Amino acid sequence: MLILEPDTACMSLSEIEGPLVLDLSCPICLQLFSDPVSLPCGHLYCSACLRKYMGTDTTRCCCPECQAEYQGPQALLKNFKMCSIIQSYKATTAGNGSSSTEGDGVHGQQGVGPADHSDNVTSGLPLDREEQEPPQTGLIDTPVEPLVSQKKELVDAKTREETAKTREETAKTREETAKTREETAIMEKSKLLLGSQVSELKARLQVADDQLQREEERESEVRAENALLRGKASRLLEQMTELTINYVTGMRELIEAELRPGEESLSSRVRQASEVRERLKEAQLQAESLLTERDSGLFSQKLRQVQPCIRELIDRQPLDELDDKTGLEPKGNSGRVCDELERRTAELSEGLGAAQRSLRNVLNPSEVTFDVDTAHPCLALSDNLKTVTFSPKKLPYPDLPTRFSSFLQVLSTQSFFRGEHRWEVDLDGCSPWIIGVCYSRALARSGLASALESSRSSWCLMWFDNLLSSFEQGHAVPLKRTPLVRRLEITLNFRTQRLSFYNISQCSGKTHVYTFKANLTEPVHLAYRMMSGQPKARITVCS
């Protein structure tokens, strides 16, 4: 059996009781718990102390220590375990009080023990073991174990609670750490994706900058071209306006010159008629006044005065008879006016037609009309200069150095030297023909050298005897037989240096015929040759 020294036993007990009393005390009244209750937050208080602390305000209930809110008195739970611990502590404390009193008696005996011990030593008598080590009954028999176990239970409970909290916090920390890592990983992945997107955006930005530069350059070019086009169109429209104004002004002056003499004549006649009327009225009044005169002498005198005027008025011829004799025409010479109108209208039509064709050339770079100054005398051109037909009789064209005289050929008025152009040509379908482009200055106007297909300055397509052939600078290449060609499409692209021909049929649609790889070094004209003098032979070009 373990024997404890008295001082050591007392120190151990005080060390145990001190913290235990604090744990078993109410934080409000600082006394041992009385009817302890637990809050949802885990803190313990005396039921009476807590109710007193709450007072009459039950709208907001909170823990006095951590201020955690709870739902009023119904949330208070009686802590039976703490009640049991308090009862055990009180019983233990009561037992310790009585044991301490007995221990004091023993300590009193021990107070005289040294004298006895000295006496025994002095006497030299040996003492037995019980006498040498008197029993410390008060300390050894004290029930310390229940108190230690209760304290241990409280400490273990707190430890478990703290461990649970620590584990919960650790789990929460781990969860937050995992979440942070996941968010970081997502962020890094997003950054990688964003980085690649930034690179792609930079590349696209560079492409957009290049495209913007090209578009701006193209815009500048188009604006410059449009400015020139606007200037040309404005001048042509002003010319057409001036022609129309001159026509209208001239016709007004002509009509006015024809109508004014008649109006002036009529005005003169009106004045004459008014004067005659006034004189007749005056003579009438004088004659009626004489009819009422009673004095014969005065009557004879006045009659001699008015009689010459009355005779003059009676003998005067009426105005209608004068018109018949003089042959006046108040309305003017309408025939002469109409002749002048036709002449001036023809001049206006010719001027407006030329201006209109020039305006079409400005607005449509692919506009094509045939040049009458190059047409053979047996080729008749329509008013719009887009259709060529055969004329059995030579037309009275002026003899010009630009006119073809050996072959039935004609060139376009316009020349082309850049861009892309497309034309459609309607043919009669039975007469052989040659059509293409050529250098105008290099093509002769008479003799064998003027033939379109043999010139070294032409690229053309020929349909003869149901056979299509191509001629490039005088070299012929047979293509294919086709019984009928009624419509052709011609495309000229200076950027690719290509001249292409397509056959357009209602049955088979658009089919490719041939493409020249022409190295064009100067402006070219559209050229046409009629290879037979058939009355139905004709060609119409559409821009």
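1. Helix α2 has four residues to note on its inner side: Ser47, Cys49, Leu50 and Met54 are its buried residues. Viewed down the axis of α2, these buried residues fall within an arc of 165°, so they line one face of the helix. The background is simple: an α-helix has 3.6 residues a turn, so residues three or four places apart point the same way. Please keep in mind throughout that this is a predicted model.

2. The other side of α2 should be read together with point 1. Ala48 and Lys52 are exposed, and they sit on the face turned away from the buried side of the helix.

3. What covers the buried residues of α2? The cover includes the strands β1, β2, β3 (61-62) and β4 (69-70). Helix α2, which spans residues 47-54, lies across β1 and β2. Its direction is at about 90° to that of β2. Just after the helix comes glycine 55, with a positive phi of about 65°.

4. Two of these strands belong to an open sheet. The sheet has 3 strands in the order β2-β1-β5, and their pairing is antiparallel. β2 (44-46) and β5 (77-78) are the edge strands, as each of them pairs on one side only.

5. The pairing of β1 with β2 can be followed residue by residue. Strand β1 covers residues 36-38, and 3 bridges join it to β2, with the two running antiparallel. Within this pairing, proline 36 stands opposite cysteine 46 in β2.

6. Further along the chain, look at threonine 482. Its place is the loop between β13 (475-481) and β14 (487-493). Is threonine 482 buried or exposed? Its relative accessibility is 11%, and buried means under 20%, so threonine 482 counts as buried. Setting aside neighbours within four places in sequence, threonine 482 is in contact with Trp463, Asn466 and Leu468.

7. The aromatic residues deserve a separate check. How many aromatic pairs does a search of the whole structure find? The search finds 5. Ring pairs also link Phe501, Tyr514 and Phe516 into a cluster.

8. Charged side chains lie over aromatic rings at two places worth viewing. Arginine 445 lies over the face of phenylalanine 404, 4.9 Å from the ring centre. Lysine 510 lies over the face of tyrosine 502, and here the distance to the ring centre is 4.6 Å.

Methods: Residues are numbered from 1 along each chain as its sequence is written. This is a predicted model: local features need pLDDT of at least 70, side-chain atom pairs count only at pLDDT 80 or more; totals for chains, interfaces and linings use all residues. Side-chain values use heavy atoms; hydrogens and water are left out. Two strands pair if DSSP finds at least two bridges between them. Contact means heavy atoms within 4.5 Å. Axes are lines fitted to C-alpha atoms, for helices over the stretch in contact, and angles run from 0 to 180 degrees between N-to-C directions. Buried means under 20% relative accessible area, exposed over 50%, partly exposed in between (1.4 Å probe, protein chains only). The arc is that of the directions from the helix axis to the C-beta atoms. Rings of Phe, Tyr and Trp (its six-membered ring) pair if their centres lie within 6.5 Å; planes under 30 degrees apart count as stacked, over 60 as edge-to-face and the rest as tilted. A charge sits over a ring if NZ of Lys or CZ of Arg is within 6 Å of the ring centre and within 35 degrees of the ring normal.
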